[in-house]
Amino acid sequence: MKIRSKEIKRFKFSGGQSEQYGPLLFLGGLELSSSNGRFGGYSGLLTLNNGTDIIAVSDRGHWLRGQLSQSSRGKPIKLLNAETATLLDSEGRKLKKTSRADTEGLSIGGSASAPRIFVSHEGKGGIMTYPLNLKTGEERAKHLLIPKEIRGLARNKSLESVAVGPPNSPLSGSIITIAERGKSLDHHRPAWIIGDPKEGKFWIKKQGNYDVTDAAFLPNGDLLILERLFNLSEGLGMRIRQLDGSNLRPNHLHTGKTLLTADFSYQIDNMEALSVHKNAFGETVLSLMSDDNRSFLQRTVLLRFVLTDNDPFREPFERAPKEAKIVPKPKSKPR
C-alpha cells in the first residue's frame, strides 16, 4: 500500500514555542493519506522496536503494517513499507464477512517465547488473538472466552479497547477490556478484568460526554485511557487519563488523573488508537492514531508524545454505585 506522509510539526495550530503540554512533550506527527481503498478507519495501534515498527487495525477488519522513519527520540518523519491484509477468523473466513469485522483495539500478551496480538471487536463484542509474527497477515484467529454480559452491549458502543497487564503489574498477563460507553452516555464506563483471580467488573467515572476509545498500560503498571468527544454542541475533543494500576480490581470506580485535553484548536481528529513504548533513551512514548471514518472531511493522523512525568498515580478505593436501571420509554398505543 502506498501511503503519503505529511509532517505535523506543532500540536496546537496557533501554539507558541513550547511543545510541553502538562506531563506530555509533543515530539511530532504525521498526516497520512492513500488512494488505496483499504486505507483508513484505524482504531487500534501497536508500536514495536523502539517505535520503528507499527501494526494497526481498521474497523473493517484490515491489518496495516509498516516502518516509521523517525528521529533518535521517536519523532515520526515518514511511514515506509506499508502493507495491508485482511483479518481472518478461526475458520479462515474474512472478518469483513462476519459480525467481528469492527476491530477496535490492539495489545500484546501471551508468553515471552510466543507473544500474541490481542484484538477487541465490536458487533457482538469479543476478543481474538493472533501470532505477533504476522508472516502473511492471513493467520487464523483464536477466540477467547469473555463475560456473557459483554455480548449484550450496544453493537456500536461495545469493546473499543483491550490491554494486557505487563510483567510488573499486579494484573500481569490479565486482560483489561473497556466498553466505549455504558448503558447510556450518562452512565459510568464499564470495564472487565479477564483471566485473573481478581476477575470482575470495574468502572471508569463519566466526566463529560467523552467515550473511551482505547487503553494501554504504562511501564510503571498504571493504565492510560484515550477518550473521544464528538457532538454538534461541543465539537471535537480528545482526553487522556491515567488510572491507578495498583487498584484495578472489581467494584472500583476509577476517576484517574487527566494528562491531556485537546479540542479542535489542536492537530487532532477522531482519536481512537493509543500505544505505549520506550524509545532508545528509555523514555516512555505515547503514539495516538485517528480513525478518519473514510470521510474526505476527516484525517488520519499519527501523533507522538514523550511522558515526562513517570510517577505512578494513586487514588483511594471508591466503591462503584449500583447501576441505575434504565426504564424503557413506554410504547405508544396504536390508535
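Is D89 buried or exposed? Select this residue to begin the tour of the model, which is a predicted one. D89 is buried, with a relative accessible area of 1%.

**First stop: D89 and its partners**

Keep D89 in view and add R93 to the selection. Their side chains meet in a salt bridge, with 2.7 Å from N to O. R93 is partly exposed, at a relative accessible area of 42%, whereas D89 falls under the 20% limit that defines a buried residue. Now add E91 to the display. D89, E91 and R93 are linked in a network of salt bridges. A search of the whole structure finds 16 salt bridges, and two further pairs are visited next.

**Second stop: R181 and D211**

Select R181 together with D211. A salt bridge joins R181 to D211, and their closest N and O atoms are 2.9 Å apart. This pair links distant parts of the chain, the two residues being 30 residues apart. To place R181, display the loop between β13 (175-179) and β14 (189-194). To place D211, display strand β16, which covers residues 211-217. D211 has 4% relative accessibility and therefore counts as buried.

**Third stop: R314 and D222**

Move on to R314 and D222. These residues form a salt bridge in which the closest N and O atoms lie 3.0 Å apart. R314 is found in the segment after β23 (300-307), and D222 in the loop between β16 and β17 (223-231), so the salt bridge ties together parts that are 92 residues apart in sequence. Colouring by accessibility separates the two partners: R314 is partly exposed, with a relative accessible area of 45%, whereas D222 is buried, at 0%.

**Fourth stop: an open sheet**

Leave the charged pairs and switch to a cartoon view. Which strands make up the open sheet of 4 strands, and in what order? The order is β8-β9-β10-β11, and the pairing is antiparallel. Select β8 (103-110) and then β11 (142-143): these strands stand at the edges, and each has a single partner strand, so one side of each is left without a neighbour in the sheet.

Finish at the β11 edge by selecting strand β10, residues 126-131. β10 and β11 run antiparallel and are joined by 2 bridges. Within this pairing, display M128 and H143. M128 stands opposite H143, which belongs to β11.

Technical notes. Residues are numbered from 1 along each chain as its sequence is written. This is a predicted model: local features need pLDDT of at least 70, side-chain atom pairs count only at pLDDT 80 or more; totals for chains, interfaces and linings use all residues. Side-chain values use heavy atoms; hydrogens and water are left out. A salt bridge is a side-chain nitrogen of Lys or Arg within 4 Å of a carboxyl oxygen of Asp or Glu. Buried means under 20% relative accessible area, exposed over 50%, partly exposed in between (1.4 Å probe, protein chains only). Two strands pair if DSSP finds at least two bridges between them.
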